[in-house]
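Subject: Structure handover

Dear colleague,

Please find the structure below, for you to take over. My notes on sheets, pockets and cysteines follow it.

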Amino acid sequence: MDYQKFVDNIGAMACILSVEKIDTEKYGKIRIVAGNKSYIGSIENPAPGVSMLKDKFIPNSEYTDYLTRDLNFENYCFMSAVHRKCLHSYAHPDRMNIWFNMTFLPIGPDEGDLLHCLYVMEMNYEADAKRLSNIDSRSASIVLQIALTLSGTVNFKQSMNEVIYMIRDICEAEHCCILSMDTSERTCEVLCEAFSKESKLLPMETYVDDSFYEIAESWEKTISGSNCIIANSENDMQVVKKRNPVWYESLTTAGAKNIVLFPLKYHNSLLGYIWAINFNSEMALKIKETLELSTHILGIELGNNLLLNNLKVLSSKDMLTGVMNRNEMNNYIDSVTDNKNPSDIYNNRSVSVIFSDLNGLKTINDERGHSAGDALIKEAADVLMEFFDEKNIYRAGGDEFTIIVPDMSEEEMYIKMEEIKKAATKHKDLSFSLGGCFDKDIKNIKHALRIADKRMYEDKNKYYELHPEKKKR
């Protein structure tokens, strides 16, 4: 068969690929036998955003002469050429800022263990929603169910738990997990996971420690520029071993025989990963098709949830000190004293309230500038956080801090106040005026706040009596 003549009659970018068949599960080298003019042009004159390892096309060259090895691409070639399947994929490899619309068609005749397929592709610089959604009815139903589960959810984590069980069922996997990553803090968190009933795999919390981020960080290189990695055979797992021996050892030691791993992104920012271990390898292509769209939705939902959490932090935290702000304090007080909707969590609970104010801040601001004053306020907050959780400390304004701790005894409150004053002596220019009040009923918190405020000013007056040289504010 004249493959060059055959491919020249195709208007879109197209080439003929040969696959060396070892058996029904294994293959050898994959070569580009012939390409039409437009396909060869995509190699020798690549589009913006596309880079080739070589820019001179030579017939019968291995495809890896031009592109980084991609297990997903190889699997499609193998399934088409060897198993005679007509396949389609619409994907965005991370190594290129381009969407590829790809079709794989088996062609003959067979030449012993050398089989062929036609590869036709189209490139788009932006995602085409119609093509993204062009999946079979079962996959579309699953993706829609995932989207509806996450849409407008009140309990995000609970909804994600429901989703991960859906995905485990799709993959018929022993274990599925979503791991979120904070790239600025270099930390990981298991967001949700699901196991099959007979699974003996350990929960991911067993492995996720302070050093696990480095393993998760290495997955980007393991995926090697593709949009995911699907290692569904021993041959594929050997590729994983070659690219990432540490992770391979961890996987196989834990009991993994195969794995599908997808990054979760939002506006090209990595938010985490989703994976399935010991999945049904016969469904690899269907899993890829379903997860490509599902992970797109999951990335958006993760990004939106992260954005909402950041907005909540901005609205509740004081950016200078890291403790809670006055708005959050008011919200907390309102929730405690709201008689229209009293909550059981506040029944039969006591509260300790401490008012804190810095001494001599005005002098420092006048003599050294407000940056020095801000530094002292930050230092004061750090001292308070030595004794209380940041969620119990509120910057009420300026250099004033309010500490509200439910169920702390009066004795412990006064001990803490003494410890704060002692700790302040270790810092230059740092001095606190403190006032505390304990009440057996947390719903009397407003009364406790007034008493603590009054006692704080009494303590401040004593300070200025002892230090008349200090200027009052």
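An open sheet of 5 strands runs in the order β8-β7-β11-β10-β9, with antiparallel pairing. Strands here are DSSP runs of E of at least two residues, helices are runs of H or I of at least four, and both are numbered from the N terminus; two strands pair if DSSP finds at least two bridges between them. The edge strands, each pairing on one side only, are β8 and β9 (229-231). On average, neighbouring strands of this sheet are turned by 15° against each other, direction ignored (axes are lines fitted to C-alpha atoms, for helices over the stretch in contact, with angles from 0 to 180 degrees between N-to-C directions).

This is a predicted model, in which local features need pLDDT of at least 70 and side-chain atom pairs count only at pLDDT 80 or more, while totals for chains, interfaces and linings use all residues. Residues are numbered from 1 along each chain as its sequence is written, and side-chain values use heavy atoms, with hydrogens and water left out.

At one edge of the sheet, β7 (residues 175-182) and β8 (residues 187-195) run antiparallel and are joined by 8 bridges. M181 has C188 in β8 as its bridge partner. The two strands form a hairpin with 4 residues between them, and R186 in the turn has a positive phi of about 55°. At the other edge, 3 bridges join β9 to the antiparallel strand β10 (residues 259-266), where V260 is the bridge partner of I230.

Next, the pockets. A pocket is defined on a 1 Å grid over the protein atoms alone, as an open set of points with protein on both sides within 12 Å along at least five of seven lines; lining residues have an atom within 4 Å of a point. The largest has a volume of about 1100 Å³ (the space filled by probe spheres set on the points, which are joined across faces, edges and corners). Its lining has 34 residues, of which E189, L306, N309, N310 and V313 lie nearest the centre. Elements that give two or more residues to this lining include β7, β8 and β11 (269-277). The most comes from α10, with 9 residues. The lining of the largest pocket divides into 15 nonpolar, 11 polar and 8 charged residues (Ala, Val, Leu, Ile, Met, Phe, Trp, Tyr, Cys and Pro count as nonpolar, Asp, Glu, Lys and Arg as charged, and the others, Gly among them, as polar).

The second largest pocket has a volume of about 630 Å³. Of its 21 lining residues, H92, W99, K265, N268 and H296 lie nearest the centre. Two or more residues each come from β4 (87-91), β10 and α10, and β10 gives the most, with 5. This lining divides into 11 nonpolar, 7 polar and 3 charged residues.

On cysteines, the structure holds 0 disulfides (a disulfide is a pair of cysteine sulfur atoms within 2.5 Å). For C77, the nearest cysteine sulfur, that of C117, is 4.7 Å away. C77 is buried, with a relative accessible area of 0% (buried means under 20%, exposed over 50%, partly exposed in between, with a 1.4 Å probe and protein chains only). The sulfur of C192 is too far for a bond, because the closest cysteine sulfur, in C177, is 6.8 Å away. C192 counts as buried at 3% relative accessibility.

Finally, N348 is in the loop between α11 (326-337) and β13 (351-358), and counts as exposed at 82% relative accessibility.

Regards

How values were computed: 1 Å grid on protein atoms, 1.4 Å probe; cavity = no way out; pocket = protein on both sides within 12 Å on 5 of 7 lines; lining within 4 Å.
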